[in-house]
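Thanks for coming. I have one structure to go through today, and I will keep to helix packing, disulfides and salt bridges. Please have a look at it before I start.

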Amino acid sequence: MAGAPGAAGQASAEQLAPEQPQPGVLASFLTSDQKCQLMLLRTLQTNPYVKLLLDAMKHSGCAVNRERHFSCEDCNGNVSGGFDASVSQIVLCQNNIRNQAHMNRVVTHELIHTFDHCRAHVDWFTNVRHLACSEIRAANLSGDCSLVNEIFRLHFGLKQHHQTCVRDRAILSILAVRNVSKEVAEKAVDEVFESCFNDHEPFGRIPHNKTYAKYAHRDFQNRHRYYSNI
């Protein structure tokens, strides 16, 4: 079983989102684990980002099983999730994930790491550039840097703002899980930024919102349907 994200065994972690509305009245009757499991199930069944990633994992020979590959746990600090490459498991921090939108974002972010783990020989634990690349991709493709999220963070209106947000979020994620200096994290991100920022697999584009993600999923399904008929 994975420890709390941010521990040495964690490959990556997602920082706590700034917007934290309180759960509804009905949710107050559920345990933290029950709320986490229900939100996770809804995410897996309905979120277009996640549905595309699950399909991509299956096509890559790494089918995801909810009971095997997800764990709802209480975590230390302010992280809200992490991917533990040592056991191929996503940890969801039930004490820090407060709403469905946040769950959607965390699961998407961590599934991008899982996809990278499946398709590439990622050296999560000793090569900070490998970690930096996956964190750039996760920040770029998961919706972490959507306009709505950035407005909640009071970050908006800058030229090339999306790229700036992706860079900053990737650096923060590295610092959350690796005992390295900010300078080392920044250097790793900058060295791989261009190539990793432009790697949009499996979406084929930057899915700026759910509509884009739905189109990307449709294109992914059509592309694989075409190749299967050749």
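I will take one helix first, then the cysteine pairs, then the charged pairs.

A word on the basis: this is a predicted model, in which local features need pLDDT of at least 70 and side-chain atom pairs count only at pLDDT 80 or more, while totals for chains, interfaces and linings use all residues. Residues are numbered from 1 along each chain as its sequence is written, and side-chain values use heavy atoms, with hydrogens and water left out.

Let me begin with α1. Helices here are DSSP runs of H or I with at least four residues, strands are runs of E with at least two, and both are numbered from the N terminus. Helix α1 covers residues 32-46, which is 15 residues. From first C-alpha to last, α1 reaches 21 Å, close to the 21 Å expected at 1.5 Å a residue; the expected span is 1.5 Å times one less than the number of residues.

Which residues of α1 are buried? They are C36, M39, L40, T43 and L44. Buried means under 20% relative accessible area, exposed means over 50%, and partly exposed is in between, with a 1.4 Å probe and protein chains only. These buried residues sit on the same side of α1, because they cover an arc of only 135 degrees around the axis. The arc is taken from the directions that run from the helix axis to the C-beta atoms. On the face turned away from the buried side, α1 carries the exposed residues L38 and Q45.

What covers the buried residues of α1? The cover includes the helices α2 (48-59), α3 (66-69) and α4 (100-119), along with the strands β2 (70-73) and β4 (89-93). Contact here means heavy atoms within 4.5 Å.

Now the cysteines. A disulfide is counted when a pair of cysteine sulfur atoms lies within 2.5 Å, and by this rule there are five disulfides. Counting bonded cysteines along the chain, the pattern is 1-3, 2-6, 4-5, 7-10, 8-9. I will go through three of the pairs.

One disulfide joins C62 to C118, S to S 2.1 Å. The torsion about its S-S bond is about 85 degrees, so the C62 and C118 disulfide is right-handed. This pair links distant parts of the chain, with C62 in the loop between α2 and α3, C118 in helix α4, and the two positions 56 residues apart. C62 has 25% relative accessibility and therefore counts as partly exposed.

Next, C75 and C93 form a disulfide with sulfur atoms 2.2 Å apart. Here the torsion is about -90 degrees, so the bond between C75 and C93 is left-handed. C75 lies in the loop between β2 and β3 (79-84) and C93 in strand β4, so the pair ties together parts 18 residues apart in sequence. C75 and C93 are both buried.

The other pair I want to show is C133 and C196, S to S 2.0 Å. Is this disulfide left-handed or right-handed? The torsion about the S-S bond of C133 and C196 is about -110 degrees, so the disulfide is left-handed. The pair links helix α5 (residues 128-141), which holds C133, to helix α8 (residues 182-197), which holds C196, 63 residues apart. Both C133 and C196 are buried.

On to the charged pairs. A salt bridge is a side-chain nitrogen of Lys or Arg within 4 Å of a carboxyl oxygen of Asp or Glu, and by this rule the count is eleven.

R119 and D199 meet in a salt bridge at 2.4 Å, N to O. R119 is in helix α4 and D199 in the loop between α8 and α9 (210-228), so this pair ties together parts 80 residues apart in sequence. At 37% relative accessibility, R119 counts as partly exposed.

R129 and E191 form another salt bridge, 3.2 Å, N to O. This pair links helix α5, with R129, to helix α8, with E191, 62 residues apart. R129 is partly exposed at 40% relative accessibility, and E191 is partly exposed at 38%.

The side chains of R205 and D219 also meet in a salt bridge, 2.1 Å, N to O. R205 is in the loop between α8 and α9 and D219 in helix α9, 14 residues apart. R205 counts as partly exposed at 25% relative accessibility, and D219 is partly exposed with a relative accessible area of 25%. Finally, salt bridges that share partners join D116, R119, R137 and D199 into one network.
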